[in-house]
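Please walk me through the ligand site of this model, and explain on what grounds each term is used.

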Amino acid sequence: MTIIASDFWMRPPLNPALCQILDPLICGGHKEALKVAQAAINGGVSMLQLRSKQMNKGPLLRLAQDLLPITRRHRVPLLMNDHCDLAIASDADGVHVGQTDLPPTVARQLVGDGAILGLSITSIEQVSQTNELGCIDYVGVGPVFPTQTKRDADPTIGLDGLNEICRRIKYPTIAIGGISIDNAADVMAQGVDGIAVISAICSLNNAEQIELTASRLRSAVDSNIKPRYEKETIGGRTYCKLRGERISYWRDVPLRTDRGNYNMVVEIPKDTIARNEVGL
Ligand code: 3NM
């Protein structure tokens, strides 16, 4: 891969397809974590999150600093789990916070507008207040299935819970918890934008296996992803559907922003859609 020098220092954009959460202790230490990260990226991991509940901040900072040349070279964003201070100190590309960490609004103030900010949500009850936040870039949703990796995980939401959250949340979604090559396609079928794994990759002990597993997971994501927004034309009007549900009118007005190009979608109240359908 050829990259130009200025790209090397630019923050890569969010690509939620396949998130590798790197737990250095599960990987076997600092050096092994670097090897796991390289092999996982070679296989198709599109974002990396550094997470350790046990390690001290000094060693975590050094690992983040050693990971950045690898992730930047491949234009894969590196996020810190929980710790805004480490994200800032290491110049990582963003931070992922949970429900008991700093509130997302405060995390955003700390890491700045250019950083990627993710938030974990664990139940349908958290959806409406999350939709009101203007400051996050994506949500991690789970645990979908039972997991051995997170001891204090909330109750599992299952595929049905995931499906309901995806239909109601307005942010890109990354499913997490017990995801492997065996269930990745079923998870994607619920309408998520990507998946996050720890043990499916970190527990493997050679680079070839890691690369192969990452590439299989990535294929499962790419071949099962559903379009987030779709157009539907009824009676001369074009509506915008979010994951199958009509939410607004569709306008083909391209918007160029520093986070990418979008089509403009005009939010309208649901009863207006209903009235239009019956010709009022
Ligand atoms: N967060 P594995 S589940 C870190 O539901 C984490 O928020 C979860 O590990 C959540 O892929 C989880 O090995 C552990 O199951 C995911």
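The questions and answers below concern a predicted model, and they take up the ligand, its pocket and two backbone features.

Q: What makes Thr147 a polar contact of the ligand?
A: A polar side-chain atom of Thr147 lies 2.7 Å from an oxygen atom of the ligand, and because a polar contact is a pair of N or O atoms within 3.5 Å, the pair qualifies. Backbone atoms take part as well: a polar backbone atom of Pro143 is 2.8 Å from a ligand oxygen, and one of Ile198 is 2.9 Å from a ligand oxygen. Of the 420 Å² that the ligand exposes when taken alone, the protein buries 96%.

Q: Which residues are around the ligand, and how do they divide by class?
A: Among them are Arg51, Gly142, Pro143, Thr147, Lys150, Gly177 and Ser199. The shell holds four nonpolar, six polar and two charged residues, and glycine counts as polar in this division.

Q: How do you know that the ligand sits in a pocket?
A: The space taken by the ligand is the second largest pocket; the term applies because more than half of the ligand's atoms must lie within 2 Å of the grid points of that pocket.

Q: What lines the second largest pocket?
A: This pocket, with about 930 Å³ of space, is lined by 43 residues, of which Arg51, Lys53, Lys150, Asp152 and Ile176 are the closest to its centre. The elements that give two or more residues to the lining include β1 (18-22), β6 (138-141), β7 (173-176) and α10 (199-202). By class, the lining residues divide into 15 nonpolar, 19 polar and nine charged.

Q: Why is the bond between Gly142 and Pro143 called cis?
A: Its omega is about 5 degrees, and the bond that joins Gly142 and Pro143 is accordingly a cis peptide bond. Pro143 lies in the loop between β6 and α8 (158-168). Most peptide bonds are trans.

Q: What makes the phi of Arg75 worth noting?
A: Arg75 has a positive phi of about 55 degrees although it is not a glycine, and it lies in the loop between α4 (57-73) and β3 (78-81). Most residues other than glycine have a negative phi.

Conventions
Residues numbered from 1 in each chain as written. Predicted model: local features only at pLDDT ≥ 70, side-chain atom pairs only at ≥ 80, totals over all residues. Heavy atoms only, no water. Near = heavy atom within 4 Å. Polar contact = N/O pair within 3.5 Å; in protein donor to acceptor, adjacent residues only side chain to side chain. Areas by Shrake-Rupley, 256 points an atom, 1.4 Å probe, with all protein chains shown as cover. 1 Å grid on protein atoms, 1.4 Å probe; cavity = no way out; pocket = protein on both sides within 12 Å on 5 of 7 lines; lining within 4 Å. Points joined across faces, edges and corners; volume = space filled by probe spheres on them. Helix = DSSP H or I, 4+ residues; strand = E, 2+ residues; numbered from the N terminus.
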